[in-house]
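Student: I have a model open in front of me. Can we go through the words used to describe it, one by one?
Tutor: Yes. Ask what each label rests on.

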Amino acid sequence: MKVRWNCNNNKKAVGVETERRLITLLISPHHDLLNGAAEDERRIQRRPLDFGSGNVERIASVRVLTFDFSIRRLKSTLLFESTVLESPDAAENEESEVDGVPAFQEYSFDQLRIATAGFAAENIVSEHGEKAPNIVYKGKLENQRRVAVKRFNRSAWPDRQQFLEEARSVGQLRNNRLANLLGCCCDGDERLLIAEYMPNDTLAKHLFHWEAQPMKWPMRLRVALHLSQALEYCTSKGRALYHDLNAYRILFDDDCDPRLSCFGLMKNSRDGKSYSTNLAFTPPEYLRTGRVTPESVIYSFGTLLLDLLSGKHIPPSHALDLIRDRNFLMLTDSCLEGQFSNDDGTKLVRLASCCLQYEPRERPSAKSLVASLTPLQKETDVPSYELMGVTHGAASSLEQLSLSPLGDACLRMDLTAIHEILEKVGYKDDEGTANELSFQMWTDQMQETLNSKKKGDAAFRHKDFRAAIECYTQFIEVGTMVSPTVFARRCLSNLMCDMPQQALNDAVQAQVVSPVWPTASYLQSAALLTLGMETEAREALKDGSSLEARKTSTTGH
């Protein structure tokens, strides 16, 4: 006898035994529930019910209802178990996507000018420096959050609304595999993007231009996995297109975990090219059509796998020739000798080969890349900074700093020592300012301004800090002359008068005037320590030490 039963709204005529075998095959891990369904059926069959005419059809209907109810109960159970098993991970992922990252917002051009010390050349972190059409600067917002600021060529995005819509769309993404987009700026014809700052360089630096040690095999595998996870996340949020994916787009955060730059989720201009790299590394379909597709991104991922394998930027065509000839030795970085098995190496080579297929439809999806790379991971319990050989933690990083007497005084919060050093140095660091002042001294207004400065200096020398603040403020507000030393002296005066926020503002202004002046960074650290912002103070001390070292190497003293 055959009956009809309904599962997922698809009616199929199958025998009772076939039903049982099918359900057993689908739900064998849940045999207890299946046995319960069979028992329900037997119990119904044993009951002495007289259905009269149409007996067979009604028994069949009862059997259908029994199995239909059992299947529904099973689906509910599966859904419940799935929720119980998956919800912790889902909650964890959701939390990691937004933890500590502010919502997207718009910034003014003045805010970003101050954050980057006037877009100082010393703060450029992009690949081609000042020669690039779109330049990336490192900076620090008013709340001391470190950011990367991408300033577009003024003709790149003429349509303000189009730029805003694109930026806002990317700005909705929040994931710990991305260097997330925090905001944008559309003042006049200025177009800027603001993202999380990643302090530990790019994959290109660690792979191609390493200094201390080459990147280890487990870390290379981790980079590949994190990148695939970033692409999978973006795809799931409707942003599958990534423009010009290459080793410069992979950045390393404070813990040396790899992240994908959000800047590549937008073109460099409204009508600009999606690929700026050598044509040898460009997906073949892009060369034909000029359009980037999700499959093009996978092709670029394949070129990055080759980078990780070889430690060099090998053209895909050459790499595929080596793969066809099974010449894996020529393809593999000699620095990795003995660090991985032939099996692991072969798997990564095959994966790269799949990504580099000529036909886009033959390339794997981002999701399948994650599935392929996850089992290959090594030393998963070792933090990335250990694998990278980078010092981590507050105490150890400060121990390595070479601080000047001023930096040391700021670290110790010895305001008296800071005062003595600033008084001793005087205005030596105001390069070019003295000549400008002497040239303009003939005007009455300038003479009055200089008198305010002199009075401020006298008050500062005699530790009358409130009078010094008043006199220096008069000098600054005239605005004709700018002196970083005046800002520095007013900064310390504010600290002495227990006004740390005003002191921090002055130290930031001193850095805007003189971006490479270590004193400005050191004074920022002192103000931040007073405000209880120890992490930010530590970063300011590092900046000061770095600027000091650069100054010493340039001048020799």
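Student: What is the strand order in the open sheet of 5 strands?
Tutor: The order is S3-S7-S8-S5-S4, and the pairing is mixed. Two strands count as paired if DSSP finds at least two bridges between them. Strands themselves are DSSP runs of E with at least two residues, helices are runs of H or I with at least four, and both are numbered from the N terminus.

Student: Why do S3 and S4 stand at the edges?
Tutor: Strand S3 (105-106) and strand S4 (135-140) each have a single partner strand, so one side of each has no neighbour in the sheet.

Student: How do you know that S5 and S8 pair?
Tutor: Count the bridges. Strand S5 (residues 146-151) and strand S8 (residues 192-196) share 5 bridges, in the antiparallel sense. The definition asks for at least two, so the label holds. One example is Arg151, whose bridge partner in S8 is Leu192.

Student: Which helix packs on this sheet, and which strands does it touch?
Tutor: Helix H5 (residues 160-171) touches S3, strand S7 (181-185) and S8. Touching means contact, that is, heavy atoms within 4.5 Å. The direction of H5 makes about 170° with that of S7. Such angles run from 0 to 180 degrees between N-to-C directions, and the axes are lines fitted to C-alpha atoms, for helices over the stretch in contact.

Student: Where is Asp187, and what makes it partly exposed?
Tutor: Asp187 is in the loop between S7 and S8. Its relative accessibility is 34%. Buried means under 20% relative accessible area, exposed means over 50%, and partly exposed lies in between (1.4 Å probe, protein chains only). So 34% makes Asp187 partly exposed.

Student: What does Asp187 touch?
Tutor: Leaving out residues up to four places away in sequence, Asp187 touches Ser108 and Phe109. The C-alpha atoms of Asp187 and Asp110 are separated by 9.3 Å, although these residues are 77 apart along the chain.

Student: What makes the pairing mixed in the sheet S6-S10-S9?
Tutor: Look at the two pairs in this open sheet of 3 strands. Strand S6 (residues 178-179) and strand S10 (residues 258-261) run parallel, joined by 2 bridges. Strand S9 (residues 250-252) and S10 run antiparallel, joined by 3 bridges. In the parallel pair, Leu178 stands opposite Leu260, and Ala179 has Ser261 as its bridge partner. In the antiparallel pair, Leu251 stands opposite Arg259.

Student: What is special to note in the hairpin of S9 and S10?
Tutor: The hairpin has 5 residues between the strands, and Cys256 takes a positive phi near 65°.

Student: Why are H7 and H13 called roughly antiparallel?
Tutor: H7 (residues 217-236) and helix H13 (residues 366-373) pack at an angle of about 150°, with their axes 8 Å apart. Under 35 degrees is roughly parallel, over 145 roughly antiparallel, 65 to 115 roughly perpendicular, and the rest oblique. The angle of about 150° is over 145, so H7 is roughly antiparallel to H13.

Student: What is the hand of the crossing of H7 and H13?
Tutor: The crossing is left-handed. In that case the near helix is turned anticlockwise from the far one by less than a right angle; clockwise would be right-handed.

Student: Which residues of H7 and H13 meet?
Tutor: Among them are Ala224, Leu225 and Leu231 in H7, and Leu369 and Val370 in H13. The contact divides into 7 nonpolar, 3 polar and 2 charged residues. Ala, Val, Leu, Ile, Met, Phe, Trp, Tyr, Cys and Pro count as nonpolar, Asp, Glu, Lys and Arg as charged, and the others, Gly among them, as polar.

Student: How do you know that H17 and H21 are roughly antiparallel?
Tutor: Use the angle again. Helix H17 (residues 415-425) and helix H21 (residues 484-496) pack at about 160°, with axes 11 Å apart. H17 and H21 are therefore roughly antiparallel. Their crossing is left-handed.

Student: What kind of model is this?
Tutor: This is a predicted model: local features need pLDDT of at least 70, side-chain atom pairs count only at pLDDT 80 or more, and totals for chains, interfaces and linings use all residues. Residues are numbered from 1 along each chain as its sequence is written, and side-chain values use heavy atoms, with hydrogens and water left out.
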